[in-house]
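Got a few minutes to go over this one? I'd like to ask what stands behind the labels people put on it.

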Amino acid sequence: MRDRQRRETMSTFVADSFTDNKSDDNPRPTFSPKQATKLAQQHYGLTVTEISTLPSYMDQNFLVMDQSSTHYVLKIMNSRESKNTALLGLQTFAMSFLHSHGVPAQTAVPTATGKLMVMEDKDCGHGAQSFCVRLMTYLPGNTIAKSPVKTQDLYHVGTLVATIDKTLQQLASPDMGVLEKDEVWSLSNIPLVESYLSVMDGDPLQDIVRAVIQQYKSHVLPKISSFQRGIIHGDLSDQNILVTPVDDGHYQVSGVLDFSLLMNDCYVFELAVTIMYLMLEDPRPLDVGGAVLAGWESIMLLNNDEKDSLFLLVLGRFCQSLVYGRFNAKKYPDNKEYLLTTAKSGTRLLTKLWGLGKTEVERKWFTDASTFLDN
């Protein structure tokens, strides 16, 4: 009964997040480059010489350059998330904490008065709303989605991802409780996708998504209580990992972006999310899982239940991204191209993985991983 009540509460939360019956039904900021320039000047004393937009799911990002040719990212959060200043403050602190421990994470630049974030009121066409504004350090490199990384590079990505979560075990703050949240994108909430399957009516992929959810309910949900837990980044996707070229055609991670899904959750979820997104642009998608898994297990070992759930967790993230992306693309057509990024190759990959089946895919992933770990 308690679990049923929680699911009903979460369904209401998802509806509040995705439907159009709220006063903040469109929380996306719509600042113009001129307005963003003014914010950078007003709060940070920057003389902006160049400004351009960067892609984002629900927020707004601007790449700015000042008169000394120093680059920054001006990040304006959506109005819904801007209401939770304690969570935003902890996310900002976590970035700084990781950076101090050698992780190439962005950090917030203080305002002229020493604040790490400020609130800006603006009417973006839906009444006056408050938006959290932060100026972030600029990190070099391209997204891993746009870089021809090698399988060995993915091993090192897996190592870094696990290192991030292991380092976050040391994070301490009076506001840690804000990370105990029911997050729509958590892999513990894959069954919530069912409420939005109507956006896929007429698409044969709908049957696969429905089948994945049923398999998840049967084979993963009963095991979640045995999963190892801690603070995770939550969204280490191919868009949130930057890399730069090094010797012999290899790449190394030069930046970790976007901590807006920071939460207390299961470590294997972090691994599954990373594997899923890194498969999207890789010319050898089936080789991704073993390399990332091996890197992860060089730092943090999975238990048997986590290993047995990995395949369905990866597929579950495909389902979340494809369904929620299509739903939000209808709601925010001006950002349709970015919201449907996963769909470009995700539909094909989900179909292929489902067709191959759990046994065959897991055999490859774990065999490949053991090859890395034996070397």
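Q: Which residues of α8 are the buried ones?
A: They are P285, V288, G289, G290, A291, V292, L293, A294, G295, W296 and E297. Buried here means under 20% relative accessible area, with exposed over 50% and partly exposed in between (1.4 Å probe, protein chains only). Keep in mind that this is a predicted model, where local features need pLDDT of at least 70 and side-chain atom pairs count only at pLDDT 80 or more, while totals for chains, interfaces and linings use all residues. Residues are numbered from 1 along each chain as its sequence is written, and side-chain values use heavy atoms, with hydrogens and water left out.

Q: Why is helix α8 called largely enclosed by the rest of the structure?
A: Because eleven of the 13 residues in α8 (residues 285-297) are buried. Helices, by the way, are DSSP runs of H or I with at least four residues, strands are runs of E with at least two, and both are numbered from the N terminus.

Q: What makes K217 and E194 a salt bridge?
A: The test is a side-chain nitrogen of Lys or Arg within 4 Å of a carboxyl oxygen of Asp or Glu. For K217 and E194 the closest N and O atoms are 2.8 Å apart, so the pair passes. It ties together distant parts of the chain: K217 sits in helix α6 (residues 205-219) and E194 in the loop between α5 (151-168) and α6, 23 residues apart.

Q: Are K217 and E194 buried or exposed, and how do you know?
A: Neither label fits. K217 has a relative accessible area of 30%, so it counts as partly exposed. E194 is also partly exposed, because its relative accessibility is 30%.

Q: What puts D265 and R229 on the salt-bridge list?
A: Their closest N and O atoms are 3.8 Å apart, so they meet the cut-off. D265 belongs to strand β11 (residues 263-266) and R229 to strand β8 (residues 229-232), 36 residues apart. D265 has a relative accessible area of 4%, so it is buried, while R229, at 46%, is partly exposed.

Q: How far apart along the helix are E362 and K358?
A: They are four residues apart in helix α12 (residues 358-374), which means a separation of about one helical turn. Their closest N and O atoms are 3.1 Å apart, so this is a salt bridge too. E362 is called buried because its relative accessibility is 12%; K358, at 26%, is partly exposed.

Q: How many salt bridges turn up in the whole structure?
A: A full search finds 13. Salt bridges also link D282, R284, D287, K364 and D368 in a network.

Q: What is the nearest side chain of opposite charge to D66?
A: That's R134, 19 Å away. Lys and Arg count as positive and Asp and Glu as negative, with His and the chain ends not counted. The cut-off is within 4 Å, so buried D66 has no salt bridge.

Q: What does the side chain of D66 make a polar contact with?
A: The side chain of S68, at 2.8 Å. A polar contact is a pair of N or O atoms within 3.5 Å; within protein, one must be able to donate a hydrogen and the other to accept it, and residues adjacent in sequence count only if both atoms are side-chain atoms. So the D66 and S68 pair fits at 2.8 Å. D66 itself lies in strand β2 (residues 60-66).

Q: How do you know that β9 and β10 pair?
A: Pairing takes at least two bridges found by DSSP between the strands. Strand β9 (residues 241-245) and strand β10 (residues 251-256) have five, in the antiparallel sense, so they qualify. One of the partners is V253 in β10, which bridges to V243. In the hairpin, with five residues between the strands, D248 takes a positive phi near 60°.

Q: Why is I51 called partly exposed?
A: Because its relative accessible area is 27%. I51 is found in strand β1 (residues 48-54).
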